[in-house]
Amino acid sequence: MRGVIETADAVLAGAARSFDPQSVIVALAGDDYAGAARALAAATGRRALEAERFDSALFDGAAPRTLVARPERFGADVLGGLDPAARTGVLTARSLAVLERLIARILAHAGDRTAELAVMRGHGRECCVHTAGGTLCGRSGDARPGAGRGVTASCQLGRGCYRDGADPAAVPRIASIPADVILTDLCGGFDLSGALLDSSLSLALSAVEGSAIAYVGSTWTKMGAPYAEPLLGALLRGGAALGDAVAELNRAERADGLGFGAFTLLGDAGLRLHPPAPIAPPLRIASGASAAVRYDVLERLELDPGVAFEQLAFEPGGDLAPLAVPRGGGAWYLVPRAGAAARGMLRVRERSPLRELSAAVAEPLGRLAALEAFEIVPLKARLDQIKRGADRVGRTFTRRRTPLDDASLENDVSRLVEQVLDLQHGICDELIERTAQSEYYFGPEAIVRFDVVAERRMRCTQCGCSTARRFDFAHRVWPAYRMNVHTCPRCKFVAQGTNAGWSGRIAGPDTMRAGDRFHQEIVIVNEHTRPLEASLGFAWLNGSSHGVDAAPARRAVVAPSDALHVTFEGATSARETLPDLHIVRAVAVANGELLLLQKRIGVVL
């Protein structure tokens with residue numbers, strides 16, 4: 001690291017303000033990269049710590065932390081255990097030489113004070129990202145065909161990319177992107193230890209082998225509003241350190257309600273890419289008020305209690321107005337857009353009475369609202385009939401502007417509920433058919449109408465990983481209607497549902513040989529004291545041929561406080577099934593509630 005320190009002495013001369021002076025560099029005792037961590041701390045005048053292991057005690061302080069160690073030290077237990085709101089970064093590379101070059105670029109950039117941000121939002125996995133402009137690959141620069149750790153990808157066996165069979169040499173590497181910071185907004189795009197696919201294919205590790213000094217991605221199944229790019233860019237231009245910016249991005253996505261699957265930083269958490277900008281006091285908006293707003297800079301907005309964001313109106317509006325990004329607790333960011341107006345007005349409109357629906361009708365109408373997004377063609381006539389009945393109830397309530405207390409209206413709602421319950425049992429086949437049409441269709445689009453209200457760590461019901469997470473959602477208009485998502489950073493199992501009082505999982509082998517028949521079970525556990533009538537569907541998605549083997553939905557009854565095992569079998573084609581990771585999915589509908597499950601299976605030679 002002597003060359004790196006000498007480079008820093010020549011470049012940094014008085015530029016220590018490029019780093020948050022409170023930030024700390026943390027290395028693992030005895031790790032091969034501990035010397036590089038100490039050199040980085042010394043070159044930037046910051047404190048260096050050594051720890052026996054990375055655990056939650058390291059994040060109790062307010063200072064940003066940069067954790068430095070070999071990639072295999074950052075398994076699912078570490079990455080999954082990071083607090084999304086903590087100002088934390090991990091700094092690693094495939095070899096000590098690559099890490100030293102990365103640190104040299106970080107130190108050189110501290111004297112440059114400019115930055116380019118590249119953002120890719122799309123579908124993908126640990127090894128690649130698919131965007132409208134094509135696929136980017138995470139293979140290392142010296143990758144060679146041959147079996148790797150974990151599941152061997154098809155490209156490592158010389159059989160082309162799992163996605164379309166393309167020659168890996170013809171697929172651009174993410175390291176070729178000429179940017180200082182690379183953000184990938186996709187599922188599972190941050191893996192360092194090679195938990196499932198070999199780390200020689202890691203997007204994160206390859207991203208910092210080019211010109212980038214930082215990479216931001218998610219180890220989780222990811223979903224969120226499409227404002228990661230403008231918000232992260234605005235925070236960095238405002239002088240936020242990398243760790244602060246990613247922590248704020250996670251807070252915003254969490255507050256939005258769509259955001260589960262936190263981002264993680266590969267980079268120096270204390271590095272500022274731009275000089276700190278003065279922090280203006282937040283705008284405070286009260287009921288019936290209006291305020292002048294700057295549209296061309298990042299503004300902070302705070303709403304008084306009793307003011308809902310849906311009441312706000314921007315003038316001028318549309319694409320000229322800033323992008324509103326939630327921070328939670330009535331606080332918002334107003335993020336400038338390209339080509340936006342310089343200034344405008346923010347006004348508060350009259351509150352919608354529909355937000356005051358009483359608990360007596362909240363749950364049944366919430367179930368109906370969740371169905372609206374499905375647009376199931378064979379059932380649409382019945383959906384329209386139910387919606388007309390709900391509209392009549394809503395109009396009556398709007399005229400009264402009080403909670404419903406009319407018995408006849410509540411009877412109408414009860415009848416609507418019965419119709420909804422009958423209708424939902426027909427969804428199972430439809431969802432299996434839909435999931436069979438696309439590798440990336442998973443779950444009802446209705447989730448866009450929900451907000452995250454709780455999050456907790458849990459043990460994965462598939463692999464036993466202790467850092468899986470469960471997110472609980474509440475419907476934005478009918479908060480008594482709930483949805484939950486269970487996602488695992490290790491095995492990538494996903495369970496998404498509106499289920500309460502019952503649960504499910506996919507049981508069966510995690511690996512199989514191409515050409516063999518697969519055997520998987522859907523296990524439904526009934527925690528109720530009454531029988532549970534369930535409809536179950538299953539699909540095998542061949543990731544290499546894009547073929548699907550979908551089983552028709554079955555009906556079954558689960559006894560009270562009991563578990564039901566339903567086996568699904570199918571064949572795989574030895575010719576069309578590449579050795580790689582493939583997907584099995586299951587759908588369960590019971591008591592008018594949904595549960596969607598996804599598991600990855602490794603196909604081996």
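**Inside the fold: cavities, covered helices and a paired strand**

The largest cavity holds about 130 Å³ of space. The model is a predicted one. Among the 17 residues that line this largest cavity, Leu-82, Asp-83, Pro-84, Phe-263 and Thr-264 are the closest to its centre. Two elements give two or more residues to the lining: H7 and strand S11 (264–266). Helix H7 gives the most, with four residues. By class, the lining of the largest cavity has 10 nonpolar, five polar and two charged residues.

The second largest cavity holds about 110 Å³ of space. It is lined by 14 residues, and the closest to its centre are Cys-127, Cys-137, Cys-155, Cys-161 and Tyr-162. This lining divides into 10 nonpolar, two polar and two charged residues. In total, the count comes to seven cavities of 30 Å³ or more.

Cysteines deserve a closer look. The structure holds zero disulfides. A disulfide is a covalent bond between the sulfur atoms of two cysteines. Take Cys-463, which is in no disulfide. Its nearest cysteine sulfur is that of Cys-488, 3.7 Å away. The cut-off for a disulfide is a pair of sulfur atoms within 2.5 Å, so a pair at that distance does not count. Is Cys-463 buried, exposed or partly exposed? Its relative accessibility is 34%, so Cys-463 counts as partly exposed. Cys-187 also counts as partly exposed, because its relative accessibility is 30%.

Next comes helix H6, residues 228–237. Why is H6 described as largely enclosed by the rest of the structure? Seven of its 10 residues are buried, so the rest of the structure largely encloses it. The buried residues are Ala-228, Leu-231, Leu-232, Gly-233, Ala-234, Leu-235 and Leu-236. What covers them? The cover includes strand S5 (117–121), strand S9 (181–185), strand S16 (323–328) and strand S17 (331–335). Helix H7 (242–256) is also part of that cover. H7 therefore appears twice in this account: in the cover of H6 and in the lining of the largest cavity. After H6 comes Gly-239, whose phi is positive, near 95 degrees.

Helix H2, residues 34–44, is mostly covered too. Eight of its 11 residues are buried. They are Ala-34, Ala-36, Ala-37, Ala-39, Leu-40, Ala-41, Ala-43 and Thr-44. An α-helix has 3.6 residues a turn, so residues three or four places apart point the same way. Just after H2, Gly-45 takes a positive phi of about 70 degrees. A glycine with positive phi thus follows H2, as one follows H6.

Strand S18, residues 343–348, has two faces. Gly-344, Leu-346 and Val-348 make up the covered face. Arg-343, Met-345 and Arg-347 make up the uncovered face. Which strands are joined to S18 by bridges? Strand S13 (residues 290–294) is joined to S18 by five bridges, and the two run antiparallel. Strand S15 (residues 312–315) is joined to S18 by four bridges, again antiparallel. Individual partners can be named. Val-293 has Gly-344 as its bridge partner in S18, and Gly-344 belongs to the covered face. Glu-315 stands opposite Met-345 in S18, and Met-345 belongs to the uncovered face.

Key
Residues numbered from 1 in each chain as written. Predicted model: local features only at pLDDT ≥ 70, side-chain atom pairs only at ≥ 80, totals over all residues. Heavy atoms only, no water. Buried < 20%, exposed > 50% of the residue type's maximum accessible area, 1.4 Å probe, protein only. Contact = heavy atoms within 4.5 Å. 1 Å grid on protein atoms, 1.4 Å probe; cavity = no way out; pocket = protein on both sides within 12 Å on 5 of 7 lines; lining within 4 Å. Points joined across faces, edges and corners; volume = space filled by probe spheres on them. Nonpolar A, V, L, I, M, F, W, Y, C, P; charged D, E, K, R; others polar. Pairing = 2+ DSSP bridges.
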